[in-house]
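I opened this model to look up a few things before going back to the bench. My notes are below, in the order in which I checked them.

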Amino acid sequence: MTKEILRVEKLNKFYGKRQILFDVNFSIRQGEVLALLGPSGSGKSTLIRCLNGLEQFSGGSLFFAGQKVVTNEKSWQQLRQKIGMVFQSYDLFPNLTVLDNILLGPLKVQKKDRKQAEQEAIALLDRVGLAEYTKAYPRQLSGGQKQRIAIIRALALHPELMLFDEVTASLDPEMVRGVLEIIKELSEKDNMTMIIVTHEMNFAEQIADRVLFLDQGHVLEETAGKQFFASAQTERARDFLESMKF
Ligand SMILES: Nc1ncnc2c1ncn2[C@@H]1O[C@H](COP(=O)(O)OP(=O)(O)OP(=O)(O)O)[C@@H](O)[C@H]1O
Ligand SMILES: [Mg+2]
């Protein structure tokens, strides 16, 4: 078995008095792809944001590569170099070129050598077919292109785990495929460990080793990917899958 990258134990989250996540447990090993699925409002984004310190959790523990995560801002800053995250909105800096957006982390945070970081960034741009946009500004890119840049920007830090939260949700349909292809390639060629929230069920079915199905803040089931889509264990999950077909 490959090494455990992340383990979540009895994670609880409240917003004010309202409990959003209830005793969430799961773990993910090197190279695995975990799809986090569930209806709107079930807590997927909240959970994924707790995994890299964008939200504080109210109880429970996280372990990264076997080490208990200390939940202060300084250790989160270090950990975020190992846990890349891409959201629905691309949040690139509008006043920086594509290249400078990508270099920000490697140069400012990781203090890497500029030449080497630049070479790597250009190789990554080339890989996703955007080498000619090195000096472009985000406003000159389509949504799909911006999202590919956001993915590369996270990869430039050499993360051990990538978190994707609905990265194609705000894209025009014709842009979706290119972004999903990159994520798929990251799994297949780079063996990247990933947690993915998506409502693209065909994509989830193709890529997920395991599915964690959330409903109202509870993990209702954790099932092998193929099995989940063929015959989920709970009626709630089967209803959910049915509702995603149109
Ligand atoms: N900042 C916040 N303050 C208070 N409640 C919040 C906050 N963010 C989310 N919630 C609530 O927490 C619950 C879970 O929200 P979350 O965004 O995690 O769901 P989700 O599964 O990602 O949904 P979607 O599929 O629509 O993105 C919802 O009931 C939401 O209203
Ligand atoms: Mg969400």
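These entries cover the ligand site, some single residues, the salt bridges and two backbone angles.

**Entry 1: the ligand shell**

I noted at the start that this is a predicted model. I then asked which residues surround ligand 1. The list I got is Tyr15, Arg18, Ile20, Pro39, Ser40, Gly41, Ser42, Gly43, Lys44, Ser45 and Thr46. Sorted by class, this shell holds six polar, three nonpolar and two charged residues.

Next I went through polar contacts to ligand 1. The side chain of Ser40 has an N or O atom 2.5 Å from an oxygen atom of the ligand. For Gly41 the partner is a polar backbone atom, at 2.8 Å from a ligand oxygen. Gly43 also uses the backbone, with an N or O atom 3.0 Å from an oxygen of ligand 1. I looked up the areas as well: ligand 1 taken alone exposes 630 Å², and the protein buries 60% of that.

Which elements give two or more residues to the shell around ligand 1? I found β2 (18-29) and α1 (44-50). The largest share, three residues, comes from α1.

**Entry 2: Ser243 and Pro39**

I checked Ser243, which lies in helix α9, residues 235-243. Its C-alpha atom is 9.5 Å from that of Pro39, although 204 residues separate the two along the chain. Pro39 is one of the residues around ligand 1. Ser243 has 47% relative accessibility, so I put it down as partly exposed.

**Entry 3: Asn12**

Asn12 sits in strand β1, residues 4-15. Is Asn12 buried or exposed? I recorded it as buried, because its relative accessibility is 15% and the cut-off for buried is under 20%. The side chain of Asn12 makes a polar contact with the side chain of Gln19 at 2.6 Å. Leaving out residues up to four places away in sequence, Asn12 touches Gln19, Leu21, Phe22, Asp23, Phe57, Ser58 and Gly59.

**Entry 4: Glu32 and Arg210**

I moved on to Glu32, in the loop between β2 and β3 (33-37). Despite the loop position, Glu32 counts as buried at 18% relative accessibility. Its side chain reaches the backbone nitrogen of Arg29 at 2.8 Å. Not counting residues up to four places away in sequence, the residues touched by Glu32 are Ser27, Met192, Thr193, Met194, Asp209 and Arg210.

With Arg210, Glu32 forms a salt bridge between side chains, 2.9 Å from N to O. The pair links distant parts of the chain: Arg210 is in strand β9 (residues 210-215) and Glu32 in the β2-β3 loop, 178 residues apart. Arg210 has a relative accessible area of 15%, so this partner is buried, as is Glu32 at 18%.

**Entry 5: other salt bridges**

How many salt bridges does a search of the whole structure find? The count is 15. I wrote down two further pairs. Glu55 and Arg49 meet through their side chains at 3.7 Å, N to O. Glu55 is buried, with a relative accessible area of 16%, whereas Arg49 is partly exposed at 27%. In the other pair, Lys245 bridges to Glu242, with the closest N and O atoms 3.6 Å apart. Lys245 is exposed, its relative accessible area being 57%. I also noted one network, in which salt bridges with shared partners join Arg127, Glu185, Lys189 and Asp190.

**Entry 6: positive phi angles**

Last, I looked at backbone angles. His158 is not a glycine, yet its phi is positive, about 55 degrees. His158 lies in the loop between α5 (143-155) and β7 (161-165). With a relative accessible area of 48%, His158 is partly exposed.

Glu166 is another non-glycine residue with a positive phi, about 50 degrees. I placed Glu166 in the loop between β7 and α6 (173-188). Is Glu166 buried or exposed? I have it as buried, because its relative accessible area is 16%.

How values were computed: Residues are numbered from 1 along each chain as its sequence is written. Chains are lettered from A and ligands numbered from 1 in the order in which they are written. This is a predicted model: local features need pLDDT of at least 70, side-chain atom pairs count only at pLDDT 80 or more; totals for chains, interfaces and linings use all residues. Side-chain values use heavy atoms; hydrogens and water are left out. A residue is near a molecule or strand if one of its heavy atoms lies within 4 Å of it. A polar contact is a pair of N or O atoms within 3.5 Å; within protein, one must be able to donate a hydrogen and the other to accept it, and residues adjacent in sequence count only if both atoms are side-chain atoms. Accessible areas come from the Shrake-Rupley method with a 1.4 Å probe; for residues, only the protein chains shown count as cover. Helices (H or I, at least four residues) and strands (E, at least two) are DSSP runs, numbered from the N terminus. Ala, Val, Leu, Ile, Met, Phe, Trp, Tyr, Cys and Pro count as nonpolar, Asp, Glu, Lys and Arg as charged, and the others, Gly among them, as polar. Buried means under 20% relative accessible area, exposed over 50%, partly exposed in between (1.4 Å probe, protein chains only). Contact means heavy atoms within 4.5 Å. A salt bridge is a side-chain nitrogen of Lys or Arg within 4 Å of a carboxyl oxygen of Asp or Glu.
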